[in-house]
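Trainee: I have just opened this one and don't know where to start. Can you walk me through it?
Mentor: Sure, take a look first and then ask away.

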Number of protein chains: 4
Amino acid sequence: MPLSTIPLAAMPEVIAVPSDLLARWQRTRSRSLMLAEPLSEEDCVVQSMPDASPIKWHLAHTTWFFETFILEQHETDFVPFHNAFRILFNSYYNGIGEKHPRPQRGLLTRPTLAQVREYRHNVDLRIAALCQHGISPDIASLLELGLQHEQQHQELMLTDLKHLLSCNPLSPAYWDAATADSAAAHTGAVSAKAEVAPLAWHAFAPGVAEIGHAGTGFYFDNETPRHRQFIEPFALASRLVSNGEYLAFIADGGYRNPVHWLAEGWDWCKSSGLQHPLYWQQVDGQWHEFTLFGLQALNLQAPACHLSYFEAAAYAQWAGARLPTEAEWEYAASSVPEALAKAGVALHPGASGPELGLQQLYQTCWQWTSSSYGAYPGFAACAGAIGEYNGKFMVNQYVLRGSSCFTPQGHARATYRNFFGASARWQMTGIRLAKSVPPTP
Amino acid sequence: MPLSTIPLAAMPEVIAVPSDLLARWQRTRSRSLMLAEPLSEEDCVVQSMPDASPIKWHLAHTTWFFETFILEQHETDFVPFHNAFRILFNSYYNGIGEKHPRPQRGLLTRPTLAQVREYRHNVDLRIAALCQHGISPDIASLLELGLQHEQQHQELMLTDLKHLLSCNPLSPAYWDAATADSAAAHTGAVSAKAEVAPLAWHAFAPGVAEIGHAGTGFYFDNETPRHRQFIEPFALASRLVSNGEYLAFIADGGYRNPVHWLAEGWDWCKSSGLQHPLYWQQVDGQWHEFTLFGLQALNLQAPACHLSYFEAAAYAQWAGARLPTEAEWEYAASSVPEALAKAGVALHPGASGPELGLQQLYQTCWQWTSSSYGAYPGFAACAGAIGEYNGKFMVNQYVLRGSSCFTPQGHARATYRNFFGASARWQMTGIRLAKSVPPTP
Amino acid sequence: MPLSTIPLAAMPEVIAVPSDLLARWQRTRSRSLMLAEPLSEEDCVVQSMPDASPIKWHLAHTTWFFETFILEQHETDFVPFHNAFRILFNSYYNGIGEKHPRPQRGLLTRPTLAQVREYRHNVDLRIAALCQHGISPDIASLLELGLQHEQQHQELMLTDLKHLLSCNPLSPAYWDAATADSAAAHTGAVSAKAEVAPLAWHAFAPGVAEIGHAGTGFYFDNETPRHRQFIEPFALASRLVSNGEYLAFIADGGYRNPVHWLAEGWDWCKSSGLQHPLYWQQVDGQWHEFTLFGLQALNLQAPACHLSYFEAAAYAQWAGARLPTEAEWEYAASSVPEALAKAGVALHPGASGPELGLQQLYQTCWQWTSSSYGAYPGFAACAGAIGEYNGKFMVNQYVLRGSSCFTPQGHARATYRNFFGASARWQMTGIRLAKSVPPTP
Amino acid sequence: MPLSTIPLAAMPEVIAVPSDLLARWQRTRSRSLMLAEPLSEEDCVVQSMPDASPIKWHLAHTTWFFETFILEQHETDFVPFHNAFRILFNSYYNGIGEKHPRPQRGLLTRPTLAQVREYRHNVDLRIAALCQHGISPDIASLLELGLQHEQQHQELMLTDLKHLLSCNPLSPAYWDAATADSAAAHTGAVSAKAEVAPLAWHAFAPGVAEIGHAGTGFYFDNETPRHRQFIEPFALASRLVSNGEYLAFIADGGYRNPVHWLAEGWDWCKSSGLQHPLYWQQVDGQWHEFTLFGLQALNLQAPACHLSYFEAAAYAQWAGARLPTEAEWEYAASSVPEALAKAGVALHPGASGPELGLQQLYQTCWQWTSSSYGAYPGFAACAGAIGEYNGKFMVNQYVLRGSSCFTPQGHARATYRNFFGASARWQMTGIRLAKSVPPTP
């Protein structure tokens, strides 16, 4: 989930400082440190691949965001905490200037983790000082944006860490397996032995739908403008595809038969020698899955996750269905606004319950849509470095909807557009099936 | 223009053999050989890059198509012309079996060009024999499909040949420059000195449009089903971006400023060291362009061509506009059905005329749209090897509309969907700008 | 066999024009064309990999050599045949100026083969004209050098052509198989059924040997200066390793056991998925070998060829032996000067005879030595472009001794140093084993 | 300096336990930890490139060596410290079994540095226990080998760490710059302002020399058997090439002129965009060099270091000289046995003194020779996993002689053969020139 977009469109002319903003900001800042708590300095510095970043880098970059976009603009007598950090912790803002190359983020053994914590503390104090006599709407907007940005990186911290730990033959756990059970309990995950409810189809009638964010509360600009789309009749699956169902695809030669795959996906599958989802492995003939609790027996009821778009599309083809468009997903999700409230955070997605309604829309796995990530009609980039990237990523990426169990509470919404390339597997990504419904004669 | 799609949807239950089908088929078959006429055996065997194929391979593959999909199914006592050709000239049909690897098509010095001509002659005679007592609707459909397929490859022959010749420091011409002038005259291209008409904007009102082929005449299945799309108000440029206009982009540092580019496009631009369109080069300080007439002084009035999606998108951003969606393009083009008739074939695209109406929709350059190539709602793949590939290419490709001066007469239509990857430059691709129109208050 | 070296050291102050030089020069020039005789234009233009060059390029480059190093220097009112050829057909002489990139030699469909023949004819006439009133020793030396250079390229023509044809699933023959038998007869190859003589060991006593060319007749400068080397006692195998013997290595898991391999060789073997020599393949469970006669049943008596240094070293380790040093090889070969006379040219190496003496030193397969290609003590580069490359290739290459059945008659000698990288397989390369002999107590 | 070789040849039938062996062993084990003392956990876990290893990995692997080759063989009731370590810390011993992939050594955030220290402590105690009642000659030999092996890795620790720190834009120092001056003082380095003595030539007469280790004291098996080589007359430079001299090469366009370079070296130079030695950079127009003391102004008197073989050969060609063969180097070094005693350890090589005798043979920079790394005549691999690798690296590597300032005291000797690939630059490698001496008439 790259930081995609900017909320300048969300900035009202004049706002009262949201009463809860500072409190939410503080909680968010603390949570990042809390996520790193179970980790050693060594765990925090290493980068497992160019797509992933070290924990320490996430901690520094989210701080850099506040220093660069708020303090540098609004602090009297601004002096940077460290001159070099402007470059070291710039992710991709060409407008800010030079950037330390992404694949080399893991080479930064200095500054140390302790120094990065000090950096965080320093910037937090200066932000607090800036806010103590009230803040302008502009700063409030940037604070909200930085908070949302940091939430995105909190999800990435867990995602990138999972990849790093998975590269270690010792299969180390981020969190104790005993806690895993209680965590599962808290997120309402059912026991591995329970039967998952059969997949049901929810049909939707055709018509012109309003798609995109309507303008109340925070949103990223890629969710706007709200606009009209004609939606032909379709049906959406009640829940995500389970590990058990995905296993049937594998057993049926899913990874060996080109007929199910997009041509580019098949080339990728063959050249990568893929035979199963990213974190699956067999131990003594039994399927296991690497999780943040370490290596666990595969729960057949839980949703299949860490799947690429190519795998998701191949599964859907094999299953006689297809992936939904992002408009279909949003249209359907908007029909069950209550789904959002029930969502909780977890370190691994739980199985669906026995209900047949639309389940697992949020806080389970991000759900691939067949929609290439692009601009909504009338989308316009805003000015300055922060707005430099509107649409910068709108090519060769596919939209994911919903949210995952790694997504911080309160971060998701029906109009949210996440996006990744078609071969990305290290994100918490799963499959919700859709079908076109032929017109009744 | 990969062979993308199949017309089984186009097959009516029972048809009378179209009166002109055999005549068109014969003309099409002859034209392929005619295109190779000015070339030596050496020109016909070499492959300049994995994306391009040798002329000889095109001549053989288009023949293979008829042999495999018609003769093998319908000829009594079918015996293949040569056993190995089934593999050698299979492009990408997994359902047919093995394929000679695409990047090695240029290593096939045997069969010789003479033998491939013999292959063509043999299959042509057998097809004629099969047809002499009338043909079934199925065969008629396959004949039409093979004809359309061959037309696609005729365009590729010129496209791939141009790339091959461009790799030669001698800048050899496919066609004599003297002929170039008369060719330009024939296609209505104005003199390089004439002023091109200023770019005008054509506005379109919002509403639900019917998109996709309505079902009369030949079409590929990716053009179906015809379905509804809501189109927000937009405006479309009257003509393509000219070389002169594109030169202003270059002069303004277009290839050096990341702010105009999609992030992936910028990485590609930098790592490839791009500074101008594919076939441009400076000779003694003057811009020239490699064409099928050899190296020519750059005609500032003619449309900029051989541009990637990345370059097209960067230009549009720089120009304060955007690329159209494919629905917008089709909607607009449908409003000027007469445009199609005026189109002619040429070896290089001519400049626009003085008219301010929608110009250069067809037979000039394929026009990048911002639409990722995907399935229309309700799109369904058909059975068998020929249908195996419905949608197989529907990922990480962008739709091009219209047609180019290389496209055979009669091949284009408003609903036609061509597609290539975002970095493809060797195709005859240009830019038509679009704009969103804000709602009037 | 890149053109490695230059014979300026061989230029005496004043020489009489060698009586046979022009005759040999004419025969050599004619032979190059003769080698291309059985080929189509298509066969002559294609380049199968960056290491190999098209036949047409060889024909042009050898001509360029005479034009550049003789005519350009010595012809009155020199005008190049074609300006662009100076670049197009320069192999690697930085001193001459720009070079057409090696991997793109196969893209030159123009000049045509006919034009290259014309180029050859033109330069031949001009050389003849230059020589008709007698030539200076300098020109004589350059003529001899160009002749030797062309002989090297004649060997490469067959070598590169073999690789090209091997890439074609049709396994086309350069020469008719019927002729193969007679060719085999001519080269003394025994029938596939005959037993090859057992491998015998020839021991050599220690001492200071003179290594390098002594100065009579033509030689390349990398063969000089003649110098002293101390040679510890060793033994050399009487003949090359046969296909039958190599098959035993394969059967014993030779390609699967790292213990036999150099570390870099093993990495290369694994990543390339090697399981047998380059041109071997199984047809219906029987080993065959691609040859210039097409695909032939593997002759177990014939020497194993087209082996890389890595494979040669692995085989030697497996066989409890080692490769000889180049000094050992030269020292041993010098003891049988009569071996050279018996050598003949063939399109495939023949099996060894029943003799136990040192066999197959020449005109069979080039024989890998364990010696890295380096400068002899006191080696000095000469001046000018032609001498620019003395030693330029003296890194990461291994010396091969003897000659192959592709080597033109009269080209080989005991001091000749051929060299290729450790993974090169497309040359006609085989294995002669050696052993160190422990001192007798 | 990969662990190249094994001393089984050095194992006498029966030995008395060397009185100082255990003391040296203890000092060596302690020194490895001492080297890591100034570093954070983060510094110790990161791997900067596949060629380099993390400090933590070095600490663990050297321990693994004792556990695997001594304890596993000789400890009663051997139980491994941790089962997985057998794989994780195996460098390249196929005979031991699986290996964690080299490029992924930096992904091992677990075991933590603390756990690796514990591992070291545990194995040290068990080795001590094993030795307390006396040890067999076999164990004594293995202990000596493990000690020498650990010394090699101590040099690598500094070498790899230097590379890691150099990748950090903050240019962090391993050791305080103030200490740098005293360190320089301790190693006899002269002030940057002093003039370095002019380069003098030491001539050596021709003759048969004995090359290789004579058998007293420790040696690696690649130094044997001692054998005879004929050495033609040559001269050796009195000291290494200085930074000032190397700068003249750069100023003369050394990195832009192919005439100085080996062909492969030139390709590498161009494709890598090289313009100066690895750790050089300009700051405000002044040349600086990254060192373990951080970024320092370039000392023109100090030897040029971190040069590849390709750069060394190009410099030598430019300077009208050549690199010595390893036999020449050993022959010359043997003539000044006292040179070894004066050597000291330092974190950066010091400038040469005013003497004109053979200087800087040891403890300055490893010195490239023109000799490809190969087997001495009669070299034989020994049995078992530890001997599996005799000669395994003897291809495409060039021999370096002497030692560097990173080499532990007492580790170097005249017969020592270090080796690296021709493009390796991260080692402490410099240039000593040589010349062939023409015979006096």
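**Chains and their contacts**

Mentor: Keep in mind that this is a predicted model. Start with two copies: a turn of 180° and a shift of 0.0 Å along the axis lay chain B on chain A with an RMSD of 0.1 Å. The same surface serves both copies, as 100% of the contact residues of chain B recur in chain A.

Trainee: How many residues does the contact take from chain B and from chain A?

Mentor: The contact takes 27 residues from chain B and 27 residues from chain A. About 2300 Å² is buried between chain B and chain A, and carbon and sulfur atoms give 56% of that area.

Trainee: What about salt bridges between chain B and chain A, what is the count?

Mentor: The count there is two salt bridges. In a salt bridge between Glu232(B) and Arg228(A), the side chains meet at 2.7 Å, N to O. As for polar contact, the rule finds twelve residue pairs across the interface of chain B and chain A, both residues being at pLDDT 80 or more.

Trainee: Which helices and strands of chain B each supply at least two residues of the side that touches chain A?

Mentor: Those are β3 (227–231), α9 (263–272) and α10 (309–318) of chain B. On the side of chain B that touches chain A, β3(B) gives the most, with four residues. The residues of that side divide into 15 nonpolar, eight polar and four charged.

Trainee: OK, switching to chain D. What turn lays chain A on chain D?

Mentor: A turn of 180°, with a shift of 0.0 Å along the axis and an RMSD of 0.0 Å. That is the relation of a two-fold axis.

Trainee: Which C-alpha in chain A is nearest the axis?

Mentor: That of Glu42(A), which is 2.6 Å from the axis. Here too the same surface serves both copies, with 100% of the contact residues of chain A recurring in chain D.

Trainee: And how much area do chain A and chain D bury between them?

Mentor: About 2400 Å², with 59% of it on carbon and sulfur atoms. Three residues, Glu42(A), Leu107(A) and Arg110(A), supply 32% of the area that chain A buries against chain D, more than any other three residues. The contact takes 29 residues from chain A and 29 residues from chain D.

Trainee: How many salt bridges does the rule find across the interface of chain A and chain D?

Mentor: Four salt bridges. One is formed by Arg110(A) with Asp43(D), where the closest N and O atoms are 2.9 Å apart. The rule also finds ten residue pairs in polar contact across the interface of chain A and chain D, both residues at pLDDT 80 or more.

Trainee: Which elements of chain A each supply at least two residues of the side that touches chain D?

Mentor: α2 (41–45) and α6 (137–166) of chain A. Of the side of chain A that touches chain D, α2(A) gives the most, with four residues. The residues on that side divide into 16 nonpolar, eight polar and five charged.

Trainee: Let's look at single residues. Is Asn243(B) buried or exposed?

Mentor: Asn243(B) counts as buried because its relative accessible area is 0%, and the cut-off for buried is under 20%. Asn243(B) is found in helix α8 (residues 243–251) of chain B.

Trainee: What is Asn243(B) in contact with, leaving aside its neighbours within four places in sequence?

Mentor: Its contacts include Trp280(B), Glu289(B), Leu298(B), Pro303(B) and Cys305(B).

Trainee: And Gln286(B), buried or exposed?

Mentor: Gln286(B) counts as exposed, because its relative accessibility is 52% and the cut-off for exposed is over 50%. Gln286(B) lies in strand β6 (residues 286–291) of chain B. From Gln286(B) to Ala297(B) is eleven residues in sequence and 7.5 Å in space, C-alpha to C-alpha.

Trainee: Last topic, chain A as a whole. How many helices and strands are there?

Mentor: Chain A has eleven helices and twelve strands. Of its 441 residues, 60% count as buried. Among contacts in chain A between residues at least 6 apart in sequence, 80% join residues at least 24 apart.

How values were computed: Residues are numbered from 1 along each chain as its sequence is written. Chains are lettered from A and ligands numbered from 1 in the order in which they are written. This is a predicted model: local features need pLDDT of at least 70, side-chain atom pairs count only at pLDDT 80 or more; totals for chains, interfaces and linings use all residues. Side-chain values use heavy atoms; hydrogens and water are left out. Contact means heavy atoms within 4.5 Å. Buried area is the accessible area (1.4 Å probe) that two parts lose on being put together, summed over both. A polar contact is a pair of N or O atoms within 3.5 Å; within protein, one must be able to donate a hydrogen and the other to accept it, and residues adjacent in sequence count only if both atoms are side-chain atoms. Ala, Val, Leu, Ile, Met, Phe, Trp, Tyr, Cys and Pro count as nonpolar, Asp, Glu, Lys and Arg as charged, and the others, Gly among them, as polar. Copies are superposed by least squares on the C-alpha atoms of residues with pLDDT of at least 70 in both. Buried means under 20% relative accessible area, exposed over 50%, partly exposed in between (1.4 Å probe, protein chains only).
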